[in-house]
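Here are a few exercises to work through with the structure open beside you. Try each task before you read its solution.

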Amino acid sequence: PIDKNVLNPGEVGKISVTLRASTSTGALQKSITVTSDDPQNPVTILYLKANVKRPFRVDPDWISVLNGKLGVESAVTVNIANTGDEALTIFPPEANVTATVRFDLTAPKNLKPGESTPLTVFVTPTKVGPIAGQVKIKTSSKEMPEKAVDVVGSDVTEAGGNAPTHN
């Protein structure tokens, strides 16, 4: 929003903007085009530049279970890196997934800046069909107290069976 729609010569106005960088990391550039009835300057372009730094990174940022078998556990490992400037505590994750999920991280883990740790997610399909849901990784970071990581899986089959057909 702008604080004034009309400016007299010599007056100053303010434009309030919010830059949402919810999933972006690294260099980010956006522009704002301001139009006016000033014949000398009918268009002014304002450039916003930012370097978005997250306190931690999860790589990859999804958990994929391919060719899952009913009742057979699969292990998927992601890496959690402290990309911030302060110590970070990673707490045991929580899962909301259409399968049974457990983690190798069962107690809080402290990471110094620049350190990383693997997180192994064990997924056991409990029904035939796709796997879907999220794992929440919770941290001590005030800027990013948690990150939701999608869990996806191809069609789960009976152990020793073939993928179901879809008509």
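**Exercise 1.** How much space lies in the largest pocket? Then find out which residues line it.

*Solution.* Keep in mind that this is a predicted model.
- Start with the volume: the largest pocket holds about 540 Å³ of space.
- Next, look at the lining. It has 17 residues, and N5, L7, V34, T35 and S36 are the closest to the centre.
- Now go by element: β1 (26–35) and β2 (43–52) are the ones that give two or more residues to the lining.
- Finally, sort the lining by type: you get 6 nonpolar, 6 polar and 5 charged residues.

**Exercise 2.** Find E73 and work out which residues E73 touches, leaving out those up to four places away in sequence.

*Solution.*
- Go to the loop between β4 (62–65) and β5 (74–82), where E73 sits.
- List the contacts of E73: R102, F122, V123 and T124.
- Zoom in on R102, whose side chain makes a polar contact of 2.9 Å with the side chain of E73.
- Then check T124: it is 51 residues from E73 along the chain, yet their C-alpha atoms are 4.2 Å apart.

**Exercise 3.** Which parts of the chain does the salt bridge between K53 and D85 tie together?

*Solution.*
- Check the pair: the closest N and O atoms of K53 and D85 are 3.1 Å apart.
- Place both ends. K53 is in the loop between β2 and β3 (56–59) and D85 in the loop between β5 and β6 (88–90), so the bridge joins parts 32 residues apart in sequence.
- Look at the surface: K53 and D85 are both exposed.

Conventions: Residues numbered from 1 in each chain as written. Predicted model: local features only at pLDDT ≥ 70, side-chain atom pairs only at ≥ 80, totals over all residues. Heavy atoms only, no water. 1 Å grid on protein atoms, 1.4 Å probe; cavity = no way out; pocket = protein on both sides within 12 Å on 5 of 7 lines; lining within 4 Å. Points joined across faces, edges and corners; volume = space filled by probe spheres on them. Helix = DSSP H or I, 4+ residues; strand = E, 2+ residues; numbered from the N terminus. Nonpolar A, V, L, I, M, F, W, Y, C, P; charged D, E, K, R; others polar. Contact = heavy atoms within 4.5 Å. Polar contact = N/O pair within 3.5 Å; in protein donor to acceptor, adjacent residues only side chain to side chain. Salt bridge = Lys/Arg side-chain N within 4 Å of Asp/Glu carboxyl O. Buried < 20%, exposed > 50% of the residue type's maximum accessible area, 1.4 Å probe, protein only.
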